[in-house]
Amino acid sequence: MKKTIHFTLNGQKRSIDVAPTEILLEMLRERLGVKSPKCGCDRGDCGTCSVLVNGRTLRSCLMLAVEIDGAAVTTIEGLGKDGEMSPLQKTFHERNAFQCGFCAPGMILSATELLARNPEPTRDEVKEGLAGNLCRCTGYTPIIDAVLEVSRKSGEGK
Amino acid sequence: MADHKYIGKSAVRVDGKVKITGAAQYVDDLEFGPGLLYAAIVESPHAYARIKKIDPSAALKLEGVVKVVTGKEFPYRFGLYMHDRYVFAQDHARFVGEQVAAVIARTPELAKKAAKLVKVDYEVLKPVLDVETALRDGAPLIHPELGKYQHVPWFFPEKDTNIAHFRKVRKGEPLKGFEDADEVFEDTYTVPRYAHCSIETHGAVGLFDHSRRLTVWAASQSPHTQRHLFAEALAPLGITHNDVRVIAPFVGGGFGGKAGVSMEILAASLATTVQGSPVKVLWSRAQEFYNTYQRQGVVAKMRLGVKKDGTITALEQKLYWDAGAYVEYGANVVNAAGLSATGPYNIPNVHIDSVCVYTNLPPGGPYRGFGYSEFLFGLESLFNEVAKKLGLDPVEFRRKNAIREGDILNYGGKMNPSGLHECIEKVAREIDWGKKRVSSDPKKAIGKGFSLFWKAPAMPPNAASTAFLKFNEDASINILVSAMEIGQGFLTVMAQIAAEVLGVPPTKIRVETPDTDRNPYEWQTVASHITWSTGNAVKNAALDAREQILKTVSRALDRKVESLYVEDEKVKSREDAAFALPLRDFVINGIMMKDGTFRGGPVVGRGMFMPEFASALSDPKTSQGGKPNVHYTVGASAIEIEVDRETGKIRIPKVVLGVDCGKVLNPELLKGQVTGGMLQGLATVLYEEMRFDDKGRLLNANFTDYKIPTAMDVPDEIVPIFVEHEQPDGPFGARGVGEHTMIPAAPIIANAIEDALGVRIKSMPITAEKIALALKEAAALRKEEK
Ligand code: FES
Ligand code: FES
């Protein structure tokens, strides 16, 4: 019944035996000890369980572990490089773009995907891009501002 | 004003990196090893029922099920302010979703499966689902034993009724006040129940080890209160405070929901039945909606007496709160709101009844705003109506009656320093009050709304805070406190306070979440009081440490203590510019003397704060005589909306919130409170609402049906205005502000809608459908009149 799947997790090759009904979020948290994807609703409403699968944010509470066979999975632990936080992480930190922090991993992954797809989004595009990630603390304004700031800065760098 | 190096600056969060890298651990992220057991709850499907029999046999047959626990094992009553609840329902279940039993099993799936197999026989009773029914003569009694319940001295339950607490406030001569009025206006406003919707659900893990030590890890705003309540509730098992330890990791949002004790008692109690094994209880999103504290609904009946010139002569407020099945915490919301239900106005004659009513709905409890948002909706809506009828500008009407420093409060004390009038001016200017904008789109109407707000911390008069502060070899510091970082930035602000006193940058100061064994006492992280209260304790601890440092240097190096001060991690001298002794040289090891002996040693500061002037004792018939509130934080808020004349859909170009929270300690964090609190408040008035069916079942226990705001729902512009009239007893002049930012949201919207469309909506939420309907009705009425 169990199937061995192979995938990369934050750049490292992994393989694990999974049952066909096993949920990706549970596998990551309970079996691989990756705790940054959180369970806020367990039904696709909140986005705290988001992970990047081949560069797209997907809700790991709605995915089966077998679906990531062969894929590249990134969680927030995998965003930084050489011990440095990613520009989005840094700006979120500097701009107080999170409070309790529970939504932050999912939110930053969504923002990462958004900027990868659309490096210079408008304010409305940022709002749309983040609409699937709930945050009860910040009122979103500082989050939207932080994403726009990163996009502006990287634009200047070109 | 003194020049500050760290206070008033936007220091970056000390809990920033840990959260933004995914390293922060919340309760469900902690590891408990292979021995961890999981509990699933058997819940009452009925709003009111007698439990005839519980048969666990089928559940117990499943392999991997360890235990089924029912109310029989824990026949104890407990609660925060009133002992009216149980660990598990005893002979009666009083709301849909109430815990009747629990199954403990080796996996969560198994526990859930087995919980479905527990057979409970109920005799279904007719539930009481609203306050009117509950208050009717002959209504079924939800707590027939009410007269016997233990409670704090400032509660006044009425036995053999469903009234759990009745707060009466009488100031001046209300009768005469109404006689003196030129006109009297009255109306009724209603507010439904709301859910906190922290993105992290409640969770707790209990371990009762073989030495009979009970440790609970909980997503908590109140670790010490939890320790106290666990010890009280479980005292019959021989458990004492000394046996209980509560560890609170990071919390994924609180908003009052994780204050006091709700489901955590289950983890604590269940742990005692499986000694040696940790047990996890984790709420699902649905349980988070129906079995934690909810914000209580209220029916507010008001009468206002006014002179023609707009002077208020008297106010009568009758607030009937739907407090739910257990009110051990919620009754204090009723109490606090009752004491302050005039809003920030100087009203000479006041008659307030704030009535806490039992119903067969889930327990009410603390929610950001603690009753103030609820009464303010009606009050500030009525004020607008009154101003309109008197032909006065609504802001002018408010200005005329707004409270000032030294004015007499409802319970007799004096109003603290207040920049309310300055807030009114600044907010009115920012929203361009008095200038009517017309939309270029004929389908859209533009309106503006205005409201004042206030709130005081609602806390027992002896709610205290303490702090330990210890230096490390490199002159970095650890601060130990037991208030919680629930997102507001508390840890950072505590670091700033200590930094200011000790001349050590906040980046070298660690403040972490508490463990009741290690960290000193704190009452709870609620009431917007910890910046003020714990801030004072931390400041005192830092002053204590500073004194030790300066005395050591004085003693060892023979310098006058008065000449010494700390700056940039050094002790310096006002008399000798060349003297600069780095703290790291001696804060652990002391200072070596010529003979090789040492003076000083590890520096450890301690600080405590308790508002010794507060008292909850007063005349129960009038509430006069005590000093229940330590201070009020006040402000004004305004909004501009653009509303579709047909669909009622609203867009918000601009919101302004002006608040006087005393000295602003960290502007960036405070702005975060404004943007977050305001959106949370706007959602309560525009679309959120808990909807129950006629059997008391919650119809929208998920984020699809109970919609909370997304990034798409943000106002175009939120302008925070900070007015700083310092609080004399606050750390560097600060007072509380966390809750206030959502309190005026409902009335500013309601008033703006009326301004735009001429319809007054008297029940929350004011959804687009409600507006569209009201517009239709108004049009029909106009036709009839013609
Ligand atoms: S937990 Fe997956 S979307 Fe909420
Ligand atoms: S920071 Fe708390 S949910 Fe977003």
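## Domains 2 and 3 of chain B

In this predicted model, the centres of domain 2 of chain B and domain 3 of chain B, taken over C-alpha atoms, are separated by 37 Å. Where the two meet, domain 2 of chain B contributes 19 residues to the contact, and domain 3 of chain B contributes 19 residues. To find your way along the chain, look for domain 2 at 32–125 + 202–282 and domain 3 at 297–459 + 616–781. Chain B also has a domain 1, assigned to 16–23 + 463–609.

Between them, domain 2 of chain B and domain 3 of chain B bury about 1600 Å², with 59% of that area on carbon and sulfur atoms. Three aromatic side chains are worth picking out on screen: B:Y81, B:F95 and B:F255 supply 34% of the area that domain 2 of chain B buries against domain 3 of chain B, more than any other three residues.

## Charges and polar pairs between the domains

The count between domain 2 of chain B and domain 3 of chain B is 1 salt bridge. A salt bridge joins the side chains of B:E328 and B:R85, at 3.1 Å from N to O; B:R85 lies within the bounds of domain 2 and B:E328 within those of domain 3.

Polar contacts are also present here, with 12 residue pairs counted between domain 2 of chain B and domain 3 of chain B (both at pLDDT 80 or more). On the side of domain 2 of chain B that touches domain 3 of chain B, the residues divide into 10 nonpolar, 5 polar and 4 charged.

## Where chain A meets chain B

Now for the contact between the chains. Here 40 residues of chain A are in contact with 50 residues of chain B. The area buried between chain A and chain B is about 3700 Å², and carbon and sulfur atoms give 58% of it.

There are 5 salt bridges between chain A and chain B. One salt bridge to look at pairs B:E688 with A:R136, whose closest N and O atoms are 2.7 Å apart. Polar contact links 24 residue pairs between chain A and chain B (both at pLDDT 80 or more).

## Cysteines without disulfides

How many disulfides does the structure hold over all chains? The count is 0. For A:C39, the closest cysteine sulfur is that of A:C61, and no bond is made because the two sulfurs are 6.3 Å apart, too far for one.

Two cysteines also show contrasting surroundings: A:C39 counts as partly exposed, at 29% relative accessibility, while B:C356 counts as buried, at 0%.

How values were computed:
Residues numbered from 1 in each chain as written. Chains lettered and ligands numbered in written order. Predicted model: local features only at pLDDT ≥ 70, side-chain atom pairs only at ≥ 80, totals over all residues. Heavy atoms only, no water. Domains from an automatic or database assignment. Contact = heavy atoms within 4.5 Å. Buried area = accessible area lost by both parts, 1.4 Å probe. Salt bridge = Lys/Arg side-chain N within 4 Å of Asp/Glu carboxyl O. Polar contact = N/O pair within 3.5 Å; in protein donor to acceptor, adjacent residues only side chain to side chain. Nonpolar A, V, L, I, M, F, W, Y, C, P; charged D, E, K, R; others polar. Disulfide = S-S within 2.5 Å. Buried < 20%, exposed > 50% of the residue type's maximum accessible area, 1.4 Å probe, protein only.
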